[in-house]
Amino acid sequence: MNTEERQLAEMLRRVAPEPTRRVTVEDVAFRLANQAAGTGHRRHREPRAQRGSWGRGWAPVLAAAGVIVVAGASAGIATALTSHRPPASSSIGGASPSASVSTSASSPAPSQVPTSVSPSWPPERVASGMWGAELINRDTFNQDSLTSGDGSLYATGDGNLARIDPANGNVLASVSYGASAAGPPVPGAPVVTGSTVWVPSEYAGTSVVLHGYNARTLAQVASVTVPVTGQVSATASGVLTAGPDGDLYVAAGSSVAVVNPSTRQVIKQISVSAGPVSSLAVSPDGSKLYVSTGPFQLLTYNRATGAQLGGQAIADLTTTAGNLVATSGGVWGTTGVGMTESAWFAPDADLTRMVRLGTGAGAGLGSIPAFSGGVVWIGGSHTLECASPVTGQVLKSVTIPTDGGVVEYFGSVTVMAGRAYAYYQDQRAQQAGVATLTPPSSCSG
Amino acid sequence: MEGRPSEPDGFRDFVEARSNALLRSGWLLTGDWPSAEDLVQTALAAAWPRWDSLTRQDAPELYVRKIMVNTYLRWRRRRWNGEVATGRLPELQAYGDVFAQVDARQALIAALDRLPARQRAVVVLRYFADQTESQTAAAMGCSVGTVKSHASKALARLRDAPGLAELMAGGVAS
């Protein structure tokens with residue numbers, strides 16, 4: 001090590017604080033026991049008053065002592081960092097309904113047909129009934145993963161893909177798609193094409209593999225290995241989308257691979273010279289492909305020829321732009337991290353005219369745009385908005401209430417059969433799941 | 001407890017001896033204690049079933065750190081960061097030096113937040129956890145050359161981080 005490296009090492013050891021509590025074997029045993037019992041995606045087994053074990057999404061328990069105070073947060077709220085202390089005993093099998101998911105948390109055998117029985121819960125009014133919000137499902141999913149298609153809702157969480165009944169929130173089927181703790185994430189929502197649900201089973205380094213599952217049974221029906229140019233982006237989010245012709249587009253390092261979902265063949269590879277693709281979207285008319293690379297560049301390609309049509313960079317942002325959505329009026333996405341993360345809209349993909357939307361999410365949550373039901377939805381933990389896909393103008397905005405001062409979150413809005421669904425989290429109540437919403441008519445597209 | 005496997009020999013000793021250092025690494029990676037605890041618990045839970053094999057290879061900590069880093073990189077894509085946003089300012093426990101300590105930690109985390117995930121992981125493994133370049137490469141599943149490259153780029157970015165030069169020159173103790 002040179003002098004600078006030694007100074008850095010010394011400073012890290014000096015400034016990094018001592019933890020207020022240690023992880024114990026009992027903590028680990030509790031987690032193991034919960035993992036063993038909780039096959040499939042993490043499942044909320046206890047009613048609101050009984051706090052049990054949660055996955056990563058619910059590690060903090062507010063009863064624990066605050067450790068560090070970060071005052072003056074930009075969003076006007078404070079961020080208290082708390083310690084995680086699991087409950088003294090598992091509440092599995094307590095007063096809550098029983099749940100079982102047949103698939104293993106480990107990699108499933110190909111074509112395994114999962115069967116699942118999800119508990120039935122009565123809908124529960126949440127967020128003070130904001131836009132008629134009712135929680136119909138109590139499973140923890142990835143916050144950006146809720147989507148709809150083929151008459152069902154789909155979401156991913158902890159390496160599992162779930163099919164959810166939109167009528168009552170029951171998980172009708174669930175399957176592990178192969179991600180492991182040390183493996184890749186699923187950056188973005190599953191994509192439904194026809195009767196197949198696609199999800200990146202592997203997405204790390206030089207490996208990208210898409211798995212296709214029967215939209216009804218979630219039996220695996222396809223596996224497509226996608227050639228990667230270089231390495232995939234380490235900060236990718238929103239890497240898989242479908243064009244209007246049904247073809248799949250997947251960010252594959254410094255290129256975009258186009259997959260025919262019928263033949264399950266990679267039919268085209270579009271080179272992206274600016275570097276690993278963080279996110280991508282296809283214009284509604286199918287003529288343009290938009291990709292983002294990091295630090296934040298937005299590039300436009302002719303979808304048919306693969307020729308680059310334009311590209312712009314944002315100089316004052318150092319984070320990648322993810323979760324791209326393309327509408328007739330332009331491109332939407334997110335940028336920033338933590339409290340500074342926010343959604344934006346660039347008319348005609350022109351970043352010089354980019355506008356920020358919503359008030360962000362903070363607290364590690366994402367304010368992610370979603371195009372569904374004819375409007376673009378901007379979720380978060382402060383406001384939920386619907387915006388015009390043509391102009392980017394916010395059509396309606398509602399303040400998301402707090403639960404005793406702790407933020408509640410709505411995101412990943414999807415509309416199906418005239419009904420809106422969102423992924424909901426309430427940290428204070430340690431509650432998460434799929435909620436139904438009744439937005440005002442101005443959000444009906 | 002349902003599903004709880006038997007505790008492997010030596011696991012408790014390892015957890016008691018290394019939990020502190022692992023948690024501090026987790027804090028440097030994630031910037032907050034809840035996530036750090038979650039990260040460490042995740043890694044230890046992954047190590048538990050393989051403990052006998054890991055101890056035979058004399059590599060339990062290397063494995064735990066590898067899981068921590070990979071899990072952290074996975075989390076960085078999207079999901080919960082473990083912060084609890086509230087509408088109220090929690091009370092500070094003390095004044096004076098405590099503020100300076102908080103400032104120092106904030107400056108450090110802000111500086112680390114400027115780094116891409118893999119560069120941050122290299123900084124924590126290489127400079128905080130005192131892992132060799134080859135150990136860091138093994139934990140991250142990359143080459144030694146890549147570790148060197150990440151370290152070099154990370155140092156370059158950290159040089160420009162506000163307040164970090166003062167911290168590196170000697171500042172407030174934790």
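Which residue in β18(A) is the bridge partner of V256(A)? The partner is I270(A), and the points below walk outward from that pair. Please keep in mind that this is a predicted model.

1. **The sheet around V256(A).** Strand β17 of chain A covers residues 255-260, runs antiparallel to β18(A), and is joined to β18(A) by 6 bridges. These two strands belong to an open sheet of 4 strands in chain A, ordered β15-β16-β17-β18 and paired antiparallel. At the edges you will find β15 (240-242) and β18 (265-271) of chain A, each of which pairs on one side only. From one strand to the next, the twist averages 25°. When you look at side chains here, it helps to recall that in a regular strand they alternate between the two faces of the sheet.

2. **R303(A), a neighbour of I270(A).** R303(A) sits in the loop that links β21 (297-302) and β22 (308-313) of chain A. Is R303(A) buried or exposed? Its relative accessibility is 19%, so R303(A) counts as buried, because the cut-off for buried is under 20%. Setting aside residues up to four places away in sequence, R303(A) touches I270(A) and K268(A), and its other contacts include D245(A), Y249(A) and V282(A). The list also takes in the run G286(A), S287(A), K288(A) and L289(A). With G286(A), the C-alpha separation is 7.0 Å, although the two residues are 17 apart along the chain.

3. **Another open sheet in chain A.** Strands β11-β12-β13-β14 of chain A, in that order, make an open sheet of 4 strands with antiparallel pairing. The edge positions go to β11 (191-193) and β14 (220-226) of chain A; each has a single partner strand, so one side of each lacks a neighbour in the sheet. Ignoring direction, neighbouring strands in this sheet are turned by 25° against each other on average. Strand β13 of chain A, residues 207-214, pairs with β14(A) in the antiparallel sense over 6 bridges. Within chain A, Y213(A) stands opposite Q220(A), a residue of β14(A).

4. **S148(A) and its surroundings.** This serine, S148(A), lies in strand β7 of chain A, which spans residues 147-149. S148(A) has a relative accessible area of 19% and is therefore buried. Its side chain makes a polar contact of 2.7 Å with the side chain of T414(A). Beyond its neighbours within four places in sequence, S148(A) is in contact with T414(A), V415(A) and M416(A), as well as with L153(A) and V192(A). V192(A) falls within the β11(A) range, 191-193, given in point 3.

5. **A hairpin in chain A.** Strands β27 (residues 369-372) and β28 (residues 375-378) of chain A pair in the antiparallel sense over 4 bridges. Together β27(A) and β28(A) form a hairpin with 2 residues between them. Where in the hairpin is there a positive phi? G373(A), in the turn, has a phi of about 70°. S372(A) stands opposite V375(A) of β28(A).

6. **Chain B in outline.** Chain B is built from 9 helices and 1 strand. Starting at the N terminus, its elements run α-α-α-α-β-α-α-α-α-α. Of its 174 residues, 55% are buried. If you take the contacts in chain B between residues at least 6 apart in sequence, 71% join residues at least 24 apart.

7. **Helix α6 of chain B.** How many of the 12 residues of α6(B) are buried? The count is 11, so to speak of this helix as mostly covered is fair. Among the buried residues are R120(B), R126(B) and Q119(B), alongside V122(B), V123(B), V124(B) and L125(B). The helix runs over residues 117-128 of chain B; at 1.5 Å a residue it should span 16 Å, and its end C-alpha atoms are 15 Å apart, which agrees. Just after α6(B), D130(B) takes a positive phi of about 60°.

8. **Helix α8 of chain B.** The 16 residues of α8 in chain B, 144-159, should span 22 Å at 1.5 Å a residue, and the end C-alpha atoms agree with this at 23 Å apart. Its buried residues are V147(B), H150(B), A151(B), A154(B), L155(B) and L158(B). They cover an arc of only 130° around the axis, which means that they are on the same side of α8(B). The spacing makes sense: an α-helix has 3.6 residues a turn, so residues three or four places apart point the same way.

Technical notes: Residues are numbered from 1 along each chain as its sequence is written. Chains are lettered from A and ligands numbered from 1 in the order in which they are written. This is a predicted model: local features need pLDDT of at least 70, side-chain atom pairs count only at pLDDT 80 or more; totals for chains, interfaces and linings use all residues. Side-chain values use heavy atoms; hydrogens and water are left out. Two strands pair if DSSP finds at least two bridges between them. Axes are lines fitted to C-alpha atoms, for helices over the stretch in contact, and angles run from 0 to 180 degrees between N-to-C directions. The expected span of a helix is 1.5 Å times one less than its number of residues. Buried means under 20% relative accessible area, exposed over 50%, partly exposed in between (1.4 Å probe, protein chains only). The arc is that of the directions from the helix axis to the C-beta atoms. A polar contact is a pair of N or O atoms within 3.5 Å; within protein, one must be able to donate a hydrogen and the other to accept it, and residues adjacent in sequence count only if both atoms are side-chain atoms. Contact means heavy atoms within 4.5 Å.
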